[in-house]
Amino acid sequence: MKKKIAVFLGLALIVAVIIGAVIKSSSESVVEVKTAEAKTMEYEDKVLATGTVEVVDSVDVASTLTLPAKLTLKVEEGDQVKQGQVIAELDVSEQKQQLKSAEDNLDAAEKALANAKKANQEIAAAKKDAEKNLALAQQELEAVKALIQEGKAGQQELIEAQQAVAAAQQAKNTIEMQAKAMDTSTLELQVEQARAAVDAARSAVEKGKIKSPIDGVVLQITAKSGSYVQPGMPLITVGKPEQLQVVAKLSEQDINGVKVGQEVEVRWAGAPEQVVKGEVSRIAPVVSAPEIGQTETHIKVYITIDDGAALKPGATVDVVIYRVKPRQSLLVPNEAIIEDGETKTVFVVDNGTAKKVTVQTGHSNELYTEINEGIKANTRVILEPKEIKDGQKVRLTGGGAQ
Amino acid sequence: MEEEKGKSWAALLLEVFTSPGNAFREIAERPHFWAAGITLTIINLAFALLILPKWQEFSLMGVDFTEYATEQMSADALEAITQTSASVGLILVAVLSPWVMSLIIALLLKIYAAIRAKEAPFGSLFAVGIYGYAPVVLGAVIKNIIIMFTAVENIDKVNLSLAVFAPTQTGFLYYFLSACSPFTWWSLILWGIGAAAVMKDKKPTGAVIFLFALWLIFALIIGAFGNWASAFY
């Protein structure tokens, strides 16, 4: 009897399973889907990065001498300085000696030129006298010749007159030769050269006085008094610390969507309780090569800050760039969005059926997409609906993104 | 392959369903399995071939081959490979499963006999495995007939196990119930009866309990593994 009951139950089970399989396989196909609710939530899209605080208007002052020189500082870090104020001096005693020598040379050259000019004046006067004497001697000769025709003078007077003209001519020629020999242009050139040498030596001495190129504050001194500094080496940084900017370095992935004018928040570990507001003012047009010890390239983003009192130049800061400021938006997880060219759609669950709905989207961050039009809050959307067809029966399983 | 004396293999194959005790006593005495094994294989293969076109179509469903296409392998080539793989898999399972399953059962029963220090020739146990596999083949035939009348997208739902009563198609319970097939249980009982006949036990209870215990472990593993694997999809 027991055996019969067991056989009967076994057969009944088999029949039940077969009937169940037939019913299940002939029923409409139901796809199990994961869903999430479209919700109105705070939405923001921001980029996090690190940056460096820099002074907008700052100048590095360096030695412009051609040789190493000993440095004497005239200011300390934090000192207010005026444009043209001497902020450091370099030892230029050698250059001063060169200046003295050049000045002596100039003096000598000028004296030689003056003497030459005086001699020239004397020669010019002598030349006039000689010309005058020659003219008189020639007049005398003409007069003697007239007297000889009249018979009032003899050959002796003619010879004497001719000798007087020859002597006057000789004197004039001699003076003209002297005048030619007294050319002052060479001396003038020497004076010019000596003057240039003086100017150069004076300039070198002047370069020993390092002056502030702008009104501002001594931000940084990188050399010590008494040390010998090399030409071109930056010694002192002068700037206007009230005009600060932050230079953030963004990866190539993060730069997408960052634009001039976007709001920025800057936080510095040195003043953690203060959030400095700013704005993207400029984006570098090129991708910068990786820095030493790093492998990733970056793009510099320049941020002007409203009030930099809480920051210090050179500080490393955390930067938050808001591509979209926090706002209330209707959001769905990105996995719910299907893109077909320009058209974007989602599948919503309507009475157990998947329904394709075209939506107008706004911004997207790494998790959510804003829905501007198409569905309402609390609508259930299907996640990863690639294989779902419009009108497909669906069964909800598990939850999606919250 | 006619028996020299007694019933034919075909009669024994039928008697396994109606009077398994008598059938297995005779099988234990004359453990000829080739004819029955080949018959079960042919039946299995024939019904597998009947559903082959549907199975090929199903294997391509829901897969966008253009996503996986490369310069070396076009979408059409991928489709062809998938179809061929699905066909070869179906045929191999149909052909090999009676023999592999019978081999496994024979090995397990041999271990059981060794534990109990009973004499049980491996050939006899293998014959028991072949004949006892008949309900599983019956289940496969019924399943394939249902598949023939089922829409392609639903053929994965054709399941002759208690999983048809599961509320969802995921989770440990679903995969555990998938292993709970009455046809498998039927075969387990037949294998137990056959083992008792080979070992000349009066009752098959010991061998049946042994096989059911092993099956339970297998079913629990299937349930746990299915649940773990489904987390990735």
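Here a trainee and a mentor talk through a predicted model with chains A and B.

Trainee: Let's start with confidence: what is the mean pLDDT of chain B?
Mentor: Since this is a predicted model, that is a good place to begin. In chain B, 94% of the residues reach a pLDDT of 70 or more. The mean for chain B is 90.

Trainee: How many helices and strands does chain A have?
Mentor: Chain A holds 402 residues, and 24% of them count as buried. Among its contacts between residues at least 6 apart in sequence, 77% join residues at least 24 apart. As for its elements, chain A has four helices and 22 strands.

Trainee: Which strands are at the edges of the sheet β8-β7-β5-β10 of chain A?
Mentor: Four strands make up this open sheet, and their pairing is antiparallel. Strand β7 (residues 86-90) shares three bridges with β8(A), and an edge strand pairs on one side only. The edge strands of chain A are β8 (209-211) and β10 (228-229).

Trainee: Which residue in β8(A) is the bridge partner of Glu89(A)?
Mentor: Strands β7 and β8 of chain A run in the antiparallel sense. In general, strands of a sheet pair through backbone hydrogen bonds. Opposite Glu89(A), the partner in β8(A) is Lys209(A).

Trainee: Why do β4 and β6 of chain A each have one side without a neighbour in the sheet?
Mentor: The open sheet in question has the order β4-β11-β9-β6 in chain A, with antiparallel pairing. Strands β4 (58-62) and β6 (80-81) stand at its edges, so each of them has a single partner strand.

Trainee: And which residue in β11(A) does Ala62(A) stand opposite?
Mentor: β4(A) is joined to strand β11 (residues 234-239) of chain A by five bridges, and the two run antiparallel. The residue of β11(A) that faces Ala62(A) is Pro234(A).

Trainee: What is the bridge partner of Val280(A) in β15(A)?
Mentor: Strand β15 (residues 299-305) of chain A pairs with β12(A) over six antiparallel bridges, and there Ala248(A) has Val301(A) as its partner. Strand β14 (residues 275-283) of chain A is also joined to β15(A), by five bridges. In that pairing, Val280(A) has as its partner Ile303(A).

Trainee: Is Ala38(A) buried or exposed?
Mentor: Ala38(A) is found in the loop between β2 (35-37) and β3 (39-55) of chain A. Beyond its neighbours within four places in sequence, its contacts include Leu330(A), Ile371(A) and Val381(A). A residue is buried if 20 or more other C-beta atoms lie within 10 Å of its own. Ala38(A) has 23 such neighbours, so it counts as buried.

Trainee: Now Asn256(A): is it buried or exposed?
Mentor: Asn256(A) has its place in the loop between β12 (244-250) and β13 (263-268) of chain A. The cut-off for exposed is 12 or fewer C-beta neighbours within 10 Å. Asn256(A) has 10, so it counts as exposed.

Trainee: How far apart are the C-alpha atoms of Asn256(A) and Arg323(A)?
Mentor: Along the chain, these two are 67 residues apart. In space, their C-alpha atoms are separated by 9.3 Å.

Trainee: Last one: how many residues of chain A are in contact with chain B?
Mentor: On the side of chain B, α8 (134-148) and α10 (182-198) each supply at least two of the touching residues. That side divides into nine nonpolar, eight polar and two charged residues. In all, 19 residues of chain B take part, and the number from chain A is 15.

How values were computed
Residues numbered from 1 in each chain as written. Chains lettered and ligands numbered in written order. Predicted model: local features only at pLDDT ≥ 70, side-chain atom pairs only at ≥ 80, totals over all residues. Contact = placed C-beta atoms within 7 Å. Nonpolar A, V, L, I, M, F, W, Y, C, P; charged D, E, K, R; others polar. Pairing = 2+ DSSP bridges. pLDDT = per-residue confidence, 0-100.
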